[in-house]
Amino acid sequence: METSNRELQAAEYLERHRIKELVSYLTSALLFFRPEKPREYLISLLERLRIAKVTGVAFPFFMDNSNIVAMFEMMDSSGRGTISFVQYKEALKTLGLYTEDGDLKDDGHIITLDKFKEEVNKRMKEI
């Protein structure tokens with residue numbers, strides 16, 4: 001019983017401080033940029049995140065609109081202008097913007113480029 005209580009407390013702590021999202025974002029940034037000195041890069045990235053939080057200035061994320069559009073177009077191989085919910089969810093996971101305990105629900109609708117850009121930008125701002 002003690003173990004499950006500790007596990008629950010740990011899970012609540014991670015969720016409250018959004019640690020899973022942060023670690024996922026840091027990992028995605030590492031894989032996107034592939035810096036020569038990954039530890040120094042992570043320290044720099046965390047410092048910039050801290051400064052952005054303290055000053056209220058938006059942090060410059062590595063995904064801009066052209067990257068988001070390119071990612072969407074890769075998934076939309078038929079050129080219909082839409083992707084499936086499964087593709088959408090996997091893209092958010094790849095970008096470090098979604099965890100398994102996330103609030104994303106499949107409402108049966110297809111995902112348009114505008115919806116995809118909106119959701120990616122919203123989640124990046126939340127981080």
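What do the buried residues of H5 pack against? Hi everyone, let me walk you through that today. One caution before I answer: this is a predicted model.

The partners are helix H4, residues 65-75, strand S1, residues 82-83, strand S2, residues 111-112, and helix H6, residues 113-126.

To place those elements, here is the overall layout. The secondary structure comes to six helices and two strands, and along the sequence they follow the pattern α-α-α-α-β-α-β-α. The chain has 127 residues, and buried ones make up 28% of them. Taking contacts between residues at least 6 apart in sequence, 63% join residues at least 24 apart.

Back to H5, which covers residues 85-94. Its buried residues are Phe85, Tyr88, Ala91 and Leu92. They cover an arc of only 125° around the axis, so they sit on the same side of H5. The general background is familiar: an α-helix has 3.6 residues a turn, so residues three or four places apart point the same way. On the other side of H5 you will find Val86 and Thr94, both exposed.

Now H6, and a quick geometry check for this audience. With 14 residues at 1.5 Å a residue, H6 should span 20 Å, and its end C-alpha atoms are indeed 20 Å apart, which agrees. Its buried residues are Phe116, Glu119, Val120, Arg123 and Met124. Here the arc is only 130° around the axis, which puts them on the same side of H6. The face turned away from that buried side carries Asp114, Glu118 and Lys125, which are exposed. As for partners, the buried residues of H6 pack against H4, S1, H5 and S2.

Last stop: the loop between H4 and S1, where Asp76 lies. Is Asp76 buried or exposed? Buried, and yet Asp76 has no salt bridge. The nearest side chain of opposite charge belongs to Arg80, 4.7 Å away, and a salt bridge would need the nitrogen and the carboxyl oxygen within 4 Å.

So what does lie beside the Asp76 side chain? The backbone nitrogen of Gly81 is 2.7 Å from one of its polar atoms. Leaving aside neighbours within four places in sequence, Asp76 is in contact with Gly81, Thr82 and Ile83. Two names there tie back to the start of my talk, since S1 is residues 82-83 and S1 is one of the elements that the buried residues of H5 pack against.

That's my tour, and I'm happy to pull up any of these residues on screen. Thanks!

Key: Residues numbered from 1 in each chain as written. Predicted model: local features only at pLDDT ≥ 70, side-chain atom pairs only at ≥ 80, totals over all residues. Heavy atoms only, no water. Buried < 20%, exposed > 50% of the residue type's maximum accessible area, 1.4 Å probe, protein only. Helix = DSSP H or I, 4+ residues; strand = E, 2+ residues; numbered from the N terminus. Arc of directions from axis to C-beta. Contact = heavy atoms within 4.5 Å. Lys, Arg positive; Asp, Glu negative; His and termini not counted. Polar contact = N/O pair within 3.5 Å; in protein donor to acceptor, adjacent residues only side chain to side chain. Expected span 1.5 Å × (residues − 1).
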